[in-house]
Amino acid sequence: MTIQGCLEILRQVKDAAFATVDEHGAPQVRIIDVMLAEEGALYFCTARGKDFYRQLTASGRVAVTALNQDWQMVRFAGQARKLPQPKEWIDRIFAANPSMNDVYPGESRYILEPFCLDNGQLEFFDLGKSPIVRESFALGEAPAAKGFAITGGCVGCGLCAAGCPQQCIRPGSPYEIVQEHCLHCGLCQETCPAGAVVRRDGQK
Ligand code: SF4
Ligand code: SF4
């Protein structure tokens, strides 16, 4: 999988869930069309009267996710930015998505503002394979270390490998998690008698 491949999945699904946080700190989610996906960026739009617009312009933080028919999930979380020359972008978006003319006919389209998401953390997750496959990408910022790792405290008992639902822990000294197949479920950490399994982000 590639960054562009992930963005293309979001564009193909098109109706993706977009999450923001409102002024009370409460999570809000709605379905938004992914209008374009090109050169490492997603493009979408919303009307200036909507709460979504207010939340985007207040913090810009947004998380997008979608699942396609092949059980491939993409998640993209980052900082959205409002695009300059909005009329040109809206015209371009409408050209690529003609059904938008039914919803916003004529000049009413210009109540919409275009946004771009081109930075943050991108994750690909293939639930259609066994074991599952996951990949992470970073656009414009350091990749987040998620999941678990096995440290030198490992005593080689093998309990974690025996219980792992994806069988993605390999013997060794120490044992090793094959990250691309890991669910991040945490069972290995709960199982380890030596406390050798830690979160990769350093959290408890
Ligand atoms: S359960 Fe803990 S000590 Fe045992 S093999 Fe796994 S990581 Fe090592
Ligand atoms: S987090 Fe879950 S899937 Fe990943 S290695 Fe541990 S037990 Fe296996």
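Tutor: Two residues are in contact if their C-beta atoms, placed from the backbone, lie within 7 Å. This is a predicted model, in which local features need pLDDT of at least 70 and side-chain atom pairs pLDDT 80 or more, while totals for chains, interfaces and linings use all residues. Residues are numbered from 1 along each chain as written, with chains lettered from A and ligands numbered from 1 in written order.

Student: Which residues of helix α2 are buried?

Tutor: Buried means that 20 or more other C-beta atoms lie within 10 Å of the residue's own. In α2, a DSSP run (H or I, at least four residues; strands are E, at least two) spanning residues 51-58, these are Phe52, Gln55 and Leu56. They lie on the same side of α2, because their arc around the axis, taken from the directions to the C-beta atoms, is only 100°.

Student: Which strands do the buried residues of α2 pack against?

Tutor: Their partners are β1 (15-21), β2 (27-33), β4 (41-47), β5 (61-67), β6 (72-82) and β7 (112-117). Just after α2, Gly60 has a positive phi of about 80°.

Student: How many residues does the largest nonpolar core have?

Tutor: Such a core joins buried Ala, Val, Leu, Ile, Met, Phe, Trp, Tyr and Cys residues through C-beta atoms within 7 Å. The largest has 31 residues, and Leu10, Leu42, Val64 and Val74 have the most contacts inside it. Leaving aside residues up to four places away in sequence, Leu42 touches Leu7, Leu10, Val34, Ala37, Val64, Phe76 and Leu117. Another core, of twelve residues, lies apart from the largest one and includes Ile150, Ile177, Cys182 and Val197.

Student: In which sense do β8 and β9 pair?

Tutor: Pairing requires at least two DSSP bridges. Strands β8 (residues 120-126) and β9 (residues 133-139) are antiparallel, with seven bridges. Gly120 stands opposite Leu139 in β9, and a hairpin of six residues joins β8 to β9.
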